[in-house]
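Please open the model in your viewer and keep the selection tool at hand. We will walk through it one stop at a time.

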Amino acid sequence: MRARPGARFEAMLDAWRDQQLSRCLNERTIAARERVVRRFRLHSGVWPWQWLPGHLEAWTGELRGEDHRAHSTIRSYQMAVGAFCDFVCDPAYGWAPSCLAQFGTVPSQICRAQNMATHSSEYEGRPARRSLTRVELQALFDAADDDVESIRGGAKKGWAPAFRDATMLKVAYAWGLRRREVRMLEAADFAPIPRRPSSATTGLRRSLRQVGQGRPPRRRGVLTVFGWSTEVLAE
């Protein structure tokens with residue numbers, strides 16, 4: 001009995017999802033990858049066993065020219081399609097012979113070094129989302145402090161949350177923390193580091209940093225490098 005192309009495509013996606021779950025990848029990552037593959041399938045107008053490098057290049061051209069997608073976004077889309085192609089081309093899963101028997105052609109890896117966006121710089125975002133300069137950082141901290149004084153001086157409620165937010169900004173910068181790390185901080189995490197008694201009076205003993213490839217969050221310690229950061233905590 002001849003399989004329907006749509007059913008075969010859905011079976012591929014289901015099996016790919018199971019493989020990624022087996023690798024303990026994040027559910028959001030898996031869902032985002034699947035959405036990208038579905039979008040590419042619709043744009044190409046053909047099924048995965050009919051995909052050619054030209055289909056990817058035409059899609060990338062549209063993403064750049066019409067949708068004005070960022071370099072990093074295009075690269076992540078291409079990597080998602082490439083990961084799907086790696087899966088359906090893997091002989092261990094047997095998709096190639098089944099597609100050949102049913103449709104007369106086999107899937108191929110269409111994402112190659114010649115048509116993939118390269119990771120050429122440390123920061124790939126738009127210039128408007130660049131890192132702040134020292135002057136801009138100081139202006140941000142001053143504005144947060146002024147907001148606290150304004151609320152407290154006007155005898156209004158909410159100065160404590162504003163003070164917390166101002167402290168949070170300084171802590172995130174002083175110890176180089178990501179949003180998830182800041183969100184999970186506890187007071188007990190700040191303590192002297194016995195192995196480096198001369199480096200600072202306070203350091204971070206535990207900071208959960210998310211890592212990829214299905215691995216659990218990694219614990220790390222961070223030394224204090226700015227003298228004013230301990231004053232911020234003391235206050």
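The tour below goes from a nonpolar core to aromatic pairs, then to a pocket and a cavity. Keep in mind that this is a predicted model.

**Stop 1: the largest nonpolar core**

Begin by selecting Trp51, Trp59, Val81, Phe84 and Ile110. Within the largest nonpolar core, which has 27 residues, these five touch the most other members. Now colour the helices that give two or more residues to this core: H1 (5-22), H2 (27-44), H3 (53-65), H4 (71-89) and H5 (95-103). Which of them gives the largest share of this core? That is H4, with 9 residues.

Stay here and centre the view on Ile110. Leaving aside residues up to four places away in sequence, Ile110 touches Phe40, Trp51, Leu52, Pro53, Leu56, Val81, Cys85 and Asn115. Apart from the largest core lies another one, of 7 residues; to find it, select Ala174, Trp175, Leu177 and Val182, which are among its members.

**Stop 2: the aromatic rings**

Next, show the aromatic side chains. The structure holds 16 aromatic pairs. Zoom in on Trp47 and Trp49: their ring centres are 6.0 Å apart and their planes are at 15 degrees, so this pair is stacked. Are these two residues buried or partly exposed? Trp47 counts as partly exposed, at 23% relative accessibility, while Trp49 is buried, with a relative accessible area of 2%.

For another pair, select Phe141 and Trp228. The centres of these rings lie 6.3 Å apart with the planes at 55 degrees, so the pair is tilted. The pair links distant parts of the chain, because Phe141 sits in helix H6 and Trp228 in helix H9 (residues 227-234), 87 residues apart. Turn on the surface and you can compare the two partners: Phe141 is buried, at 9% relative accessible area, and Trp228 is partly exposed, at 32%.

Before leaving the rings, select Phe9, Trp16, Phe40, Trp47, Trp49, Trp51, Trp59, Tyr77, Phe84 and Phe103 together. These residues form one aromatic cluster. Trp51, Trp59 and Phe84 should look familiar, as they were in the opening selection of the core.

**Stop 3: the second largest pocket**

Now move to the second largest pocket, which holds about 510 Å³ of space. Its lining has 15 residues, and those closest to its centre are Leu137, Leu169, Ala172, Tyr173 and Leu177. Colour helix H6 (134-153), H7 and helix H8 (179-183), the elements that give two or more residues to this lining. H7 gives the most, with 4 residues. If you colour the lining by residue type, you will find 10 nonpolar residues, 1 polar and 4 charged.

**Stop 4: the cavity**

For the last stop, look for enclosed space. A search of the whole structure finds 1 cavity of 30 Å³ or more, and its volume is about 30 Å³. Which residues line the largest cavity? Select Asp145, Phe163, Thr167, Lys170, Val232 and Glu235 to see them. Helix H7 (residues 159-174) gives the largest share of this lining, 3 residues. By type, the lining divides into 2 nonpolar residues, 1 polar and 3 charged.

Methods: Residues are numbered from 1 along each chain as its sequence is written. This is a predicted model: local features need pLDDT of at least 70, side-chain atom pairs count only at pLDDT 80 or more; totals for chains, interfaces and linings use all residues. Side-chain values use heavy atoms; hydrogens and water are left out. On a 1 Å grid over the protein atoms alone, a cavity is a set of points where a 1.4 Å probe fits but cannot get out, and a pocket is an open set with protein on both sides within 12 Å along at least five of seven lines; lining residues have an atom within 4 Å of a point. Grid points are joined across faces, edges and corners, and a volume is the space filled by probe spheres set on the points. Ala, Val, Leu, Ile, Met, Phe, Trp, Tyr, Cys and Pro count as nonpolar, Asp, Glu, Lys and Arg as charged, and the others, Gly among them, as polar. A nonpolar core is a set of buried Ala, Val, Leu, Ile, Met, Phe, Trp, Tyr and Cys residues joined through side-chain atoms within 4.5 Å. Buried means under 20% relative accessible area, exposed over 50%, partly exposed in between (1.4 Å probe, protein chains only). Contact means heavy atoms within 4.5 Å. Rings of Phe, Tyr and Trp (its six-membered ring) pair if their centres lie within 6.5 Å; planes under 30 degrees apart count as stacked, over 60 as edge-to-face and the rest as tilted.
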